[in-house]
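Biologist: I'm new to this one, so please pick a single part and go over it closely. After that, tell me a bit about the charged pairs elsewhere.

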Amino acid sequence: MKCKYCGVEIGNSLECHLCGHKQIGKTTCPVCSKLIYPYQEYCSNCGSPTIYRKDNTIKKVTPDTIVHSEQSHNYNTVSESYDYKKNAYDFKDSFKQLKDLNSMNYKEAFKKFQNQPRKKNIQRKPKQKSFLKTMIILVIFVVFIFIPISELIINTVTNIVETSDEATSSFDGNGNTDLLSFNLNQDSSRGDYNQNFTNSDGGAFVYQNKLYISLNGQLIKYDAHFENSEVLEESSCDHIYVDNRGCFYENDSDFIFLDFNGKRKTLLNEVSHCYVLDQKIFYIKDETLYCLTIDENINVIDNQKIKDNIYEFTIDDQNQRILCTNTDYESQLIDFSGTTLKNKMNSYGDGYFIDGFFYYREYDGIYKTDFSSDEGELVQAASDIYRFGVGQDEENEKVIVYGENYDNVLNAYFDDDSYALYDDARDFYIIGDKVIFFTYDDDYTRHYFISSYDGEYAPFEE
């Protein structure tokens, strides 16, 4: 098995012997308990700082090391230049003088002291100055010299503070294009749904040119040009899916169905990871994977237990199979009835299915595999991606990789080109060929943007 951070072969070890990266483990927000990713400085749900937030300058003490970890950094360290050799000799000379002096008797030491050259006692004559002349000079100095210099110092400090404030704030609320130029003319595909399903913090879905998104603690529906909006749910939602029946979503551990007439029905209680596929709803309850079957009127037909000891899962809707991870962080591939197709697989971490392929992240880029072999196919080479998604431009038949790096820069990769979309994106959702992301201002308030893969973006919610 390879380390997910530096790529070195580590066998079955849980911790990389080279960079120290742990291959397993999940971190949650200390305030709202939402799942956070490695090195995520703020919670994408409530905005609270996480354990990865570092306010102090980090000095790397192993500059010749290509891959380093937290252990190879030195925090809060001030480097001082000190010539130990020179100072050691100075101390040695001083000690020698003291030793020679102690070796003398009292008379010899007193005689040596008397023979030292003495400075002359120079008596200074007091200068006579006129009080009036002194005051005139002082006034001239204050008027012509001190006041202009003081104004210059104040203006310089003010400019430095203003420049510093601009440099520390990366929030840009204007965008570089008009919001009306974004037309939601491409519905979300199953691949988009898989991506937003894997990302359990909120979500977005496009159906019949309308955007359904968990936004500012509410489930909101926008029209194609973002000119009109409607609040569907007064609290935030996860795992949003919409089809001709209505809207499905998780809300406070309950799974809800909302039809287009506003009629609401609770399908499941105290569940998580709810995934809709036609008349089947896959979900986890008490670390067990189930499949709920409903009819056309959203009535329950059957509720089947599939697999015990399951922590998370991802659905391959095209090949009718499930990649699941147990509570010991071991992955296996099973079918919809729970039969094991492939066991003892590598732990892929974040990843999702699209068109029968599983897209996942390695240390050097994004790969895809159909699990027919142990080796995946490189889709996009990029060594600094830690959160990603794959979108599709159906009209131009393009596959776009959206990747967020460790500096929170959101990039779009396609046709061997790349665009830097935003320099401080905190999370994003794929909707067809477009991406929705949010960022925080200096008051930790979320601001949402929509962007195309060629770099045009606009704010649609303040």
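**A strand and its two partners**

Modeller: Let's start with β30 (residues 434-440) and β31, which pair in the antiparallel sense over seven bridges. Strands here are DSSP runs of E with at least two residues, numbered from the N terminus, and two of them pair if DSSP finds at least two bridges between them. Before going on, a word on the model: it's predicted, so local features need pLDDT of at least 70 and side-chain atom pairs count only at pLDDT 80 or more, while totals for chains, interfaces and linings use all residues. Residues are numbered from 1 along each chain as its sequence is written, and side-chain values use heavy atoms, with hydrogens and water left out.

Back to β30 and β31: K434 sits opposite S452 of β31. The two strands make a hairpin with five residues between them, and Y444 has a positive phi there, near 60°.

β31 has another partner too. It runs antiparallel to β32 (residues 457-461), joined by four bridges, and S451 faces Y457 of β32. This is also a hairpin, with four residues between the strands, and G455 in the turn shows a positive phi of about 105°.

So how enclosed is β31 (residues 446-452)? Seven of its seven residues are buried (under 20% relative accessible area, with exposed being over 50% and partly exposed in between, using a 1.4 Å probe and protein chains only), so the strand is largely enclosed by the rest of the structure. In a regular strand, side chains alternate between the two faces of the sheet. In β31, R446, Y448, I450 and S452 point one way, while H447, F449 and S451 point the other, and all are buried.

Now for the charged pairs. Side chains of opposite charge can pair when their charged atoms come close. A search of the whole structure turns up 11 salt bridges (a side-chain nitrogen of Lys or Arg within 4 Å of a carboxyl oxygen of Asp or Glu). One of them links D243 and R245 at 2.6 Å, N to O, and both residues are buried. R321 and D316 meet at 2.7 Å, N to O, and these two are buried as well.

K398 and D415 also form a salt bridge, with their closest N and O atoms 3.3 Å apart. K398 lies in β26 (residues 398-405) and D415 in the loop between β27 (410-414) and β28 (417-422), so the pair ties together parts 17 residues apart in sequence. K398 counts as partly exposed, at 22% relative accessibility. Finally, R387, E404 and D427 are joined into one network by salt bridges that share partners.
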